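Please look over the sequence and the model before reading on. The report below takes up sheets, a helix, a loop residue and aromatic rings in turn.

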Amino acid sequence: MMDQARSALSNLFGGEPLSYTRFSLARQVDGDNSHVEMKLAVDEEENIDNNMRGNHAKVAKPKRFNGCICYTAIAVIIFFLIGFMIGYLGYCRRVEPKVECGETESSETEEYFPEIPSRLFWPDLKAMLSKKLNNVEFLNTIRRLNENYVPREAGSQKDESLAFYLEDQFRKLKLSKVWHDEHFVKIQVKNSVQNSVTIMDAKGMVYLVENPEGYVAYSKVATVNGTLVHANFGTKKDFEDVSSLVNGSLVIVRAGEITFAEKVANAESVNAIGVLIYMDRNKFPIVNADVPVFGHAHLGTGDPYTPGFPSFNHTQFPPSQSSGLPNIPVQTISRAGAEELFRNMEKDCPFTWKTDSSCRMVTLQNKTVKLAVKNVLKETRILNVFGVIKGFEEPEHYVVVGAQRDAWGPGAAKSSVGTALLLELAQIFSDMVLKDGFKPSRSIVFASWSAGDFGAVGATEWLEGYLSSLHLKAFTYINLDKAVLGTSNFKVSGSPLLYSLIEKVMQDVKHPVTGKSLYQDSNWINKVEKLSLDNAAFPFLAYSGIPAVSFSFCEDTDYPYLGTTMDTYGELVKKIPDLNKMARAAAEVAGQLMMKLTYGVELNLNYEMYNDKILSFVREMNQFRTDIKEMGLNLQWLYSARGDFFRATSKLTTDCKNAERTNRFVMKEINDRIMKVEYHFLSPYVSPRDSPFRHIFWGSGSHTLSALLEHLKLRQKNSGAFNQTLLKNQLALATWTIQGAANALSGDIWDIDNEF
């Protein structure tokens with residue numbers, strides 16, 4: 001039987017019969033060195049008296065023991081395989097989220113791009129958006145807003161009613177979250193005592209020209225009297241041309257070209273004592289000469305009585321006011337009132353002004369003009385309304401889409417179109433997510449602002465209140481205000497980070513009237529205008545360092561009814577017969593921007609565009625090399641900073657190309673670096689309270705690159721007004737702001753390679 005067992009084992013392992021033994025290196029007691037002892041532990045106990053015999057010693061084992069060995073070996077192997085499979089499956093489960101970082105619960109993987117959590121191809125998304133836009137009747141929404149919520153001055157009952165209506169609509173759309181913020185702000189309104197413009201002759205006789213219906217918010221409350229001088233549009237160049245006449249006089253300027261606030265600041269800089277603003281017929285062809293005009297004179301945004309900090313009700317700050325408030329009275333007058341003043345003035349206006357033939361330059365010697373402004377401050381509650389569609393992969397990162405809700409007067413073009421676009425886009429994107437399988441990677445925040453007519457007050461107060469929360473989270477702002485003012489042109493203003501994205505959208509979207517692509521000019525980037533103070537996108541970019549964009553379909557001339565009582569739905573449709581088509585095109589532009597910014601792994605922001613901006617600045621500085629050398633300075637450090645920024649962008653581009661796009665942690669680190677670009681162009685060397693718009697490219701103040709260049713020009717034009725110490729500071733701080741942006745873009749501190 002033992003021989004049969006050994007034979008079976010031999011056949012099993014394909015060799016000679018084997019004995020299961022343990023080896024002992026001890027020599028045998030009989031002194032035979034050629035023998036090796038091989039015994040089983042059990043055999044040592046059972047056969048302790050048996051000795052090994054022959055040259056190949058074999059130990060006889062009971063059959064029972066051999067069976068145990070076989071079963072034990074098989075059991076060990078089985079347990080090993082089971083343990084291996086459990087460990088393998090556990091490992092796969094742990095690493096699965098990293099390998100498939102773009103996956104959600106859906107099992108569809110192979111037929112879609114793995115890095116796109118939406119599970120839809122880009123052409124499918126575009127077609128889906130286009131189809132839904134075709135079913136929207138924008139005219140009905142715009143008309144409803146202008147029929148039911150007019151007038152809706154900031155903080156009024158109609159403004160608040162519209163806010164609650166929008167909030168209710170957002171809730172019905174089943175957005176991820178809907179809420180509103182309260183702010184208590186100071187706005188300036190007309191007093192029960194009317195403002196007035198009068199003419200006084202040499203005999204002391206007073207003639208009333210007008211008690212204007214319109215007014216300019218945040219004007220200084222005062223009464224002034226003096227000679228009246230025309231200063232065209234009130235630009236710096238215009239005031240340089242009439243500077244000898246303006247000192248100690250009132251000025252009258254045309255609306256347009258620049259904001260009311262800039263006109264007043266320019267007038268104040270040449271010692272004017274008051275400003276009148278009117279709309280001439282040549283630029284604003286309104287038949288009714290008595291149409292009143294509204295605007296504001298705060299050279300800034302937000303509540304001017306809480307500069308740099310939010311106007312929440314619980315914030316108890318000492319009395320303060322913005323440095324952008326004017327120190328002279330300012331008032332709008334109708335064209336009829338301006339023409340009455342011209343009848344008491346002499347000297348024709350220059351032909352190059354291309355204005356009305358009634359225009360005159362200066363009052364007659366025996367007459368003066370008196371301006372009395374009686375406006376009063378009013379503290380009011382305003383509401384900002386929000387709704388969010390949370391992202392499926394990076395909900396903590398979001399694009400903000402916003403529109404002004406309030407208006408002085410009907411505000412059809414100024415705020416109703418934008419609010420209608422906001423509401424309809426919220427409806428469309430909610431449907432796409434809830435019904436059509438669109439899963440945006442990042443969140444989309446819809447925002448309705450109040451007090452926009454007073455200088456983007458609602459938007460700015462929100463930014464001031466949540467600046468630290470928004471940092472590296474809100475990565476783009478899309479402004480819908482005044483998106484449709486005409487049909488002929490498509491104009492864009494915004495951050496260079498968005499230029500490449502905007503160009504792609506322009507190539508995709510067709511003009512609703514011509515049928516051609518919006519992308520018609522390959523040189524469009526060089527024609528992009530700087531965001532104005534009156535644009536709600538401005539504080540996002542210049543104050544918060546958040547890339548922002550504002551766009552508009554418009555004509556070569558200004559839309560004539562903005563800020564007037566004629567900004568009605570009826571006049572808007574007359575002026576733009578294809579309003580519904582134009583609103584649809586504006587919604588498609590905004591919708592594609594929103595999708596592209598929330599679609600895919602890498603943020604769709606082209607940080608390399610700032611290389612061109614910095615290079616352009618360096619070239620302009622090179623024109624003043626002689627002046628800089630005469631002051632004992634050089635531009636070497638500026639060149640170095642520019643080079644470091646270029647190298648940092650190149651390195652980031654390389655890192656993006658080499659990154660494992662399915663690795664969420666790697667892509668988050670890259671996206672965080674991209675989001676830092678705009679923010680780090682905010683000068684860290686000036687106070688947000690004293691200079692809130694700290695962006696060195698798009699802000700305002702002595703820290704900006706444009707102010708540095710203007711100061712260098714002043715050295716050549718008027719050396720007596722030049723301040724060399726200020727220039728040294730400007731150059732040093734501008735250089736280090738660019739250097740800081742380069743360092744931030746490089747990544748971690750150990751990745752920075754600066755050679756000084």
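## Strand β19 and its partners

Two strands are taken to pair if DSSP finds at least two bridges between them. In this predicted model, strand β17, which covers residues 394-404, is joined to β19 by 5 bridges, and the two strands run parallel. One position in this pairing can be followed by residue, since Y398 has A474 in β19 as its bridge partner.

Strand β19 also pairs with β21, again in the parallel sense, over 3 bridges. Here N479 has S550 in β21 as its bridge partner. As for its surroundings, β19 is mostly covered, with 6 of its 6 residues buried.

## An open antiparallel sheet

Elsewhere, 4 strands form an open sheet in the order β5-β4-β15-β7, with antiparallel pairing. The edge strands of this sheet are β5, residues 206-210, and β7, residues 223-226, each of which pairs on one side only. From one strand to the next, the twist averages 20°. Helix α10, residues 335-342, packs on the sheet and touches β4 (196-201), β5 and β15, while its direction makes about 145° with that of β5.

Within the sheet, β4 and β15 run antiparallel and are joined by 6 bridges, and T198 stands opposite K370 in β15. On the other hand, β7 pairs with β15, residues 367-372, over 4 bridges in the antiparallel sense, and there G226 stands opposite V369 in β15.

## A loop residue, S358

Where does S358 lie? S358 belongs to the loop between β13, residues 345-348, and β14, residues 360-363. With a relative accessible area of 25%, S358 is partly exposed, because that class takes in the values between the 20% limit for buried residues and the 50% limit for exposed ones.

S358 and D348 are 10 residues apart in sequence, and their C-alpha atoms are 8.0 Å apart in space. When its neighbours within four places in sequence are left aside, S358 is in contact with E339 and F342.

## Helix α11

Helix α11 runs over residues 412-434, and its 23 residues should span 33 Å at 1.5 Å a residue; the C-alpha atoms at its ends are 31 Å apart, which agrees with that expectation. Is this helix enclosed or open to the outside? Of the 23 residues of α11, 21 are buried, so the helix is largely enclosed by the rest of the structure.

## Aromatic pairs and a cluster

Aromatic rings count as a pair if their centres lie within 6.5 Å, and by this rule the count comes to 29 aromatic pairs. In one of them, the rings of Y477 and F540 have centres 3.9 Å apart and planes at 0°, so this pair is stacked. Y477 lies in strand β19, residues 474-479, and F540 lies in helix α15, residues 537-543, so the pair ties together parts that are 63 residues apart in sequence. Y477 counts as buried at 0% relative accessibility, and F540 is likewise buried, with a relative accessible area of 1%.

F490 and F553 form an aromatic pair that is tilted, with 5.0 Å from centre to centre and 55° between the planes. Because F490 lies in strand β20 (residues 489-494) and F553 in strand β21 (residues 548-554), this pair ties together parts that are 63 residues apart in sequence. F553 is buried, its relative accessible area being 0%. Beyond the pairs described here, one aromatic cluster is formed by W179, F312, F386, W449, W462, Y466, Y477 and F540.

## Charges over rings

Which residue lies over the face of F392? K439 does, at 5.9 Å from the ring centre. In a second arrangement, R715 lies over the face of F722, at 5.8 Å from the ring centre.

Definitions and conventions. Residues numbered from 1 in each chain as written. Predicted model: local features only at pLDDT ≥ 70, side-chain atom pairs only at ≥ 80, totals over all residues. Heavy atoms only, no water. Axes fitted to C-alpha atoms, helices over the stretch in contact; angles between N-to-C directions. Contact = heavy atoms within 4.5 Å. Expected span 1.5 Å × (residues − 1). Buried < 20%, exposed > 50% of the residue type's maximum accessible area, 1.4 Å probe, protein only. Phe/Tyr/Trp six-rings, centres within 6.5 Å; stacked < 30°, edge-to-face > 60°. Lys NZ or Arg CZ within 6 Å of the ring centre and 35° of its normal.
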